[in-house]
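Subject: Structure handover

Hello,

Here is the structure I said I would pass on. Please open it first, then read the notes below with it on screen.

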Amino acid sequence: MALAFRALKLRSFRQQRVTIRVIVPHASNATPNRFSFRIPLIALPSRLIIQAMYRKLKSLVEQGLAKQVPATGLGAFRIGFSLVILQEIVFLFYFRHLIFDPVPFFDRASPILHFFLLAWICVAACLVVGYHTRRAAVANYVFWVTFVVFTPMWQDFDGGFDQLMTGSSFLLMFLPTERALSLDNLRRKLRHSTLNNRYEPQDKVTVLAYYIPLAISLGLLYLDSGIHKLSADFWRNGMGPWLPPTMPYYMSAIDMTPLLNIKALEMFIGYTIIVFQFAFLFLFWFRLFRVPLLLTGTLFHTGIVLSLNIYPFGFAMLVHYFLLVPFRWWRNLKKAFQFEQPGLTVFYDQQCPLCNRTVIVIQHFDILKAVDFKGLQTNAKEYRELDSIPENKLLQDLYALDGERRLYSGLDTYIRILVGMGYTAPVGWLMRLPGIYHLGNRCYRRIADRRERIVCDEACAVQSLPPPIEEHPFAQWYQRYAATTGQQTQRIAKFLIVVLMLQLNSTIHYGILYRCGEACDIGNAGRLLDHLSNSVINFSHAFLGITPHALYMHDHFAGYNHILALTYKDQSGREQWLPFVNEEGRLVAPNWGRVQSMWANVAVTSHMHQERLSKFLKKVTAFWGTELGLDLSNAEFLVKLKEVRVPMDWEDDLRHKNIAQPWRDVGKVIWQRGNFRVELPNIDIETL
């Protein structure tokens, strides 16, 4: 059932009447039934609505702040999200000339962009390991906004991925993700521990640290996307997950035909996705629904990664599900990998600051609990293997006993520790090699013989705990505006109200009124509000990632019955396919993600434009021609066209049919002495 708004006239501030035409299509191609009815809408004052929402949210936020939970899932989310960021920056660096140069390798972008990309890689690496996490999160957010807003990524190379990353990067600045799986925890241990008192950083976070990114980054995105899907014919037919993998420009290299040819299965998946997207925001709060939502969402986005060539978006969505993993799963996973009994016992000098710091570092990275540390002064007498060693010699080296009671000392102890910890074993094996072992032993002896020992005095006193916002980039702001629980409750509730209003503005503007089209008579006042709404959307799009999620809709695929590819002739005169679109019509690796979006969503569409197509033909041929070592002072590329089908309802074996369609030559791209021109005599671009 499709709803089309025919008229929207403002009668008064308090009462509006909306005429709605309901179109009920038949299963056949017969003319659909049409009927109209009028619904009175009582418009409550927006201020009262916002106040009511604020009071309710404030109560919920207060409850959330009071509940403390383990930070493990939050740390896993930070690592996964940062790895997605890291791979995307590497992708941008590889394609930097294609994306940022006006004409790749000919008219170059500023070289400072390359420096910024390298700096961004360092920032992302800091986020992965959790080193100065909050500062790195701020820098990462600034980089996302800068590159998305001020480079061609804004329009030419944007497929919805950047908005997800911008929004989650904004939240990452305020989430305490450094409290688990981070080097920041190690830094705090080393800074605040003394010889007799080991400092343990806080490893609990408020449950809101999980709920807020789930609600904003996933819940609101799903809800907006679900509303858009209701206006798409093939989504209403249950074919939403079926159509894109049958279109060559969007399909991955994995042949999903056995699944695509089961109509009932595709319909089940399609309707499940719509129900899931509408339900997620309202159900994930309840423990009963979290595991079903986790499994459904994981399968959903794994399917995107496997069946489509937009893997960055799929992985970016998947890592958010670390926040939905039950805490007991993390505990059970930890127990499953840890040793029941340590395989190595290491003895250290309890009055040696260097030895104590070494123990702290090794224990921090010993995630499998393979090593047990014991103080020599306290425990040496309990082990007969140490009886024959004088005490002064025991204090000179680091000694260890393995499970077979074999004794190690000095550098051999460190090698045994590295091997015993499992994932560091390759480093331990490397240290055993001749030359490396002898050099390492000399370094060890120099450090061990010169280390200082401290007899316990005031240095052993318990120090006061560090402030909870130590080294935070917003420390002064927190001290002034969010020092108390009451202040935090107010700030978070107001922020959620702002985000919700911005999302509603985007959803209503593009998900309802835009879909209504010319059928909506909004009047002059409505058009003024429309421009204001669009300006707000541009702001929320750029800085918070709140944007319409109308991806892969009917208005994109309808009439998209043609695709283009490029070939060239090698030195022997044989025709070769440019490593961009292959014989099947698929975009080949590494031209996925945002490069695929550029070609399939901007350059070649259901309604192409000569100027836009020429721009990207120039970019692609200049980039890949240079990469292949072709002489662009005198080069010629053939433009090929293939007819494909993009029906709004299921068709058997469509993936293979579209791949098997023949190509025909429709024009040329010619480079001569640095000049570029396109000749397309066999097609009319504007009619495609």
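Start at Trp285, which is partly exposed, with a relative accessible area of 38%. Keep in mind that this is a predicted model. Trp285 sits in the loop between α11 (263-283) and α12 (287-307). Its ring pairs with that of Tyr211, which belongs to helix α8. The two residues are 74 apart, so the pair links distant parts of the chain.

A pair of aromatic rings is described by the distance of the centres and the angle of the planes. For Tyr211 and Trp285 these are 5.3 Å and 70°, and the pair is edge-to-face. Tyr211 has a relative accessible area of 15%, so it counts as buried, the limit being under 20%.

A second pair to look at is Tyr311 with Phe315. The ring centres of Tyr311 and Phe315 are 6.4 Å apart and the planes stand at 75°, so this pair is edge-to-face as well. Here both partners lie in helix α13 (residues 311-319), four residues apart, which is about one turn of the helix. Tyr311 is partly exposed at 22% relative accessibility, and Phe315 is partly exposed at 38%.

The count of aromatic pairs comes to 47. Some of them join up: ring pairs link Phe100, Phe115, Phe116, Trp120, Phe143, Trp144, Phe147 and Phe161 into a cluster.

Next, the interior. The largest nonpolar core has 146 residues. Helix α8 (residues 208-229) gives the most to this core, with 13 residues. Trp120, Tyr249, Phe280, Phe580 and Trp599 have the most contacts inside the core. What does Trp120 touch, leaving aside its neighbours within four places in sequence? Its contacts are Ile85, Ile89, Leu92, Asn140, Phe143, Trp144 and Phe147. There is also a second, separate core of 17 residues, and among its members are Cys355, Ile362, Ala370 and Tyr444.

Last, the surface. Ile50, Met501, Leu504, Ile508, Ile512 and Leu513 make a nonpolar patch of about 420 Å². Which helix gives the largest share of this patch? Helix α22 (residues 485-516) does, with five residues. Leu513 lies in this helix. With a relative accessible area of 34%, Leu513 is partly exposed; it can belong to the patch because that value is over the 30% required.

Regards

Note on methods: Residues are numbered from 1 along each chain as its sequence is written. This is a predicted model: local features need pLDDT of at least 70, side-chain atom pairs count only at pLDDT 80 or more; totals for chains, interfaces and linings use all residues. Side-chain values use heavy atoms; hydrogens and water are left out. Patches are made of residues with over 30% relative accessible area and no salt bridge: like charges are joined within 9 Å, nonpolar side chains (Val, Leu, Ile, Met, Phe, Trp, Tyr) within 5 Å. Accessible areas come from the Shrake-Rupley method with a 1.4 Å probe; for residues, only the protein chains shown count as cover. A salt bridge is a side-chain nitrogen of Lys or Arg within 4 Å of a carboxyl oxygen of Asp or Glu. Buried means under 20% relative accessible area, exposed over 50%, partly exposed in between (1.4 Å probe, protein chains only). A nonpolar core is a set of buried Ala, Val, Leu, Ile, Met, Phe, Trp, Tyr and Cys residues joined through side-chain atoms within 4.5 Å. Contact means heavy atoms within 4.5 Å. Rings of Phe, Tyr and Trp (its six-membered ring) pair if their centres lie within 6.5 Å; planes under 30 degrees apart count as stacked, over 60 as edge-to-face and the rest as tilted.
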